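Reader: Hey, got a minute to walk me through this one? I'd like to get a feel for the fold before I go back to the bench.
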Amino acid sequence: MPIPTIAVLSNSPALASVLGATLRRGHRWRVREFCDHRALGDYMRIAPLALLVADYDLERVTAADVALSIRNSDDLASRHVQIIALSRTVDGEMRRRCVQAGIDEVIVKPMSPVYLEERIAARLGTGTGAYVNAEPYYVGPERRNRIALDDTRVIPVERRGENIVSFLAHKAMREQRPDQI
């Protein structure tokens, strides 16, 4: 199996070098750092990439713009590269643009470099996956299998998460099994 090449695209040379050094550590990954999206495009014309990690807000463009140019370009060595964007915030418009551009994943900063390393390993482990080419509307990862499953919780509208404790769920459980609680 060939050694995967990962590109890091950021306006900040310091961030690019820190991420590059983190990703090189202990893995058989080839990591290339870029501070300009045009230099990344030139590189992609001659060498294939397995994955791109990009800051969402770049100098003149966004990661969504870069992803669109990658997906719609015919002269690149790897058009179906997986893309992870890094951003401080995610709003509805940004989410829409990321999906339309074919960005695979958005990680909210600040994040641990180790977490990023784990996400990249998971992405590389699953392979490139299926890609859809429905130009000019969408070129990118297959997203149709990402459907919401039926909500089987006792109280479906309740919020759950790592820092959420639901008193409604406990109350509903007590009503169902008063002798056990």
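Reader: Let's jump straight in: which residues of strand 5 are on the covered face, and which are on the uncovered one?
Author: E105 and I107 make up the covered face of strand 5, while V106 and V108 are on the uncovered one. Keep in mind that this is a predicted model.
Reader: Why would they take turns like that?
Author: In a regular strand the side chains alternate between the two faces of the sheet.
Reader: OK. E105, is that buried or exposed?
Author: Buried, because its relative accessible area is 13%, and the cut-off for buried is under 20%.
Reader: What does E105 touch, then?
Author: Leaving out residues up to four places away in sequence, E105 touches I83, I84, A85, R119 and R123. One of these, I84, is also the bridge partner of E105.
Reader: Where's I84 sitting?
Author: In strand 4. Strand 4 and strand 5 pair in parallel, with four bridges between them.
Reader: And how do you get from strand 4 over to strand 5?
Author: Through helix 4, residues 92–101: strand 4, helix 4 and strand 5 form a β-α-β unit that is right-handed.
Reader: Back to I84. What's its relative accessible area?
Author: It comes to 0%, so I84 counts as buried. Its contacts, again without residues up to four places away, include L51, L52, V53 and A54. I84 also touches E105 and I107, as well as L116, I120 and R123.
Reader: How far is I84 from L52?
Author: They are 32 residues apart in sequence, and their C-alpha atoms are 6.2 Å apart in space.
Reader: Let's zoom out. What order do the strands take in the sheet?
Author: The order is 2-1-3-4-5, in an open sheet of five strands with parallel pairing. Strand 2 (30–34) and strand 5 (105–108) are the edges, each pairing on one side only. From one strand to the next, the twist averages 20°.
Reader: What holds strands together in a sheet, generally?
Author: Strands of a sheet pair through backbone hydrogen bonds, and they can do it parallel or antiparallel.
Reader: How many bridges does strand 1 make with strand 2, and how many with strand 3?
Author: Strand 1 and strand 2 have five bridges between them, in the parallel sense. With strand 3 (residues 51–55), strand 1 (residues 5–9) has four, and that pair runs parallel too. V8 shows both sides: its bridge partner in strand 2 is E33, and in strand 3 it is V53.
Reader: What about L9, buried or exposed?
Author: L9 is in strand 1, and at 1% relative accessibility it is buried. Setting aside neighbours within four places in sequence, L9 has contacts that include F34, C35, D36, H37 and L40. Others among them are L52, V53, A54, D55, L58 and V66. L9 and F34 are 25 residues apart in sequence, with 4.8 Å between their C-alpha atoms.
Reader: Switching to helices. Which strands does helix 1 touch?
Author: Helix 1 (residues 13–24) packs on the sheet and touches strand 1, strand 2, strand 3 and strand 4 (82–87). The direction of helix 1 makes about 175° with that of strand 2. Together, strand 1, helix 1 and strand 2 form a right-handed β-α-β unit.
Reader: There's a threonine in there, T22. What's its side chain doing?
Author: The T22 side chain reaches the backbone oxygen of V18 at 2.8 Å. T22 lies in helix 1 and is buried, with a relative accessible area of 10%. Not counting residues up to four places away, T22 touches P113 and E117.
Reader: Which peptide bond is cis?
Author: The one from K109 to P110, with omega near 0°. P110 is in the loop between strand 5 and helix 5 (113–126).
Reader: Last bit: how many helices and strands in the protein, and what's the pattern?
Author: There are six helices and seven strands, and along the sequence they read β-α-β-α-β-α-β-α-β-α-β-β-α.
Reader: And how much of it is buried?
Author: Buried residues account for 41% of the 181 residues. The protein exposes about 11200 Å², and 54% of that comes from carbon and sulfur atoms.

Notes. Residues are numbered from 1 along each chain as its sequence is written. This is a predicted model: local features need pLDDT of at least 70, side-chain atom pairs count only at pLDDT 80 or more; totals for chains, interfaces and linings use all residues. Side-chain values use heavy atoms; hydrogens and water are left out. Two strands pair if DSSP finds at least two bridges between them. Helices (H or I, at least four residues) and strands (E, at least two) are DSSP runs, numbered from the N terminus. Axes are lines fitted to C-alpha atoms, for helices over the stretch in contact, and angles run from 0 to 180 degrees between N-to-C directions. Contact means heavy atoms within 4.5 Å. Buried means under 20% relative accessible area, exposed over 50%, partly exposed in between (1.4 Å probe, protein chains only). A polar contact is a pair of N or O atoms within 3.5 Å; within protein, one must be able to donate a hydrogen and the other to accept it, and residues adjacent in sequence count only if both atoms are side-chain atoms. A crossover is right-handed if, with the strands pointing away from the viewer, the path from the first strand over the helix to the second runs clockwise. Accessible areas come from the Shrake-Rupley method with a 1.4 Å probe; for residues, only the protein chains shown count as cover.
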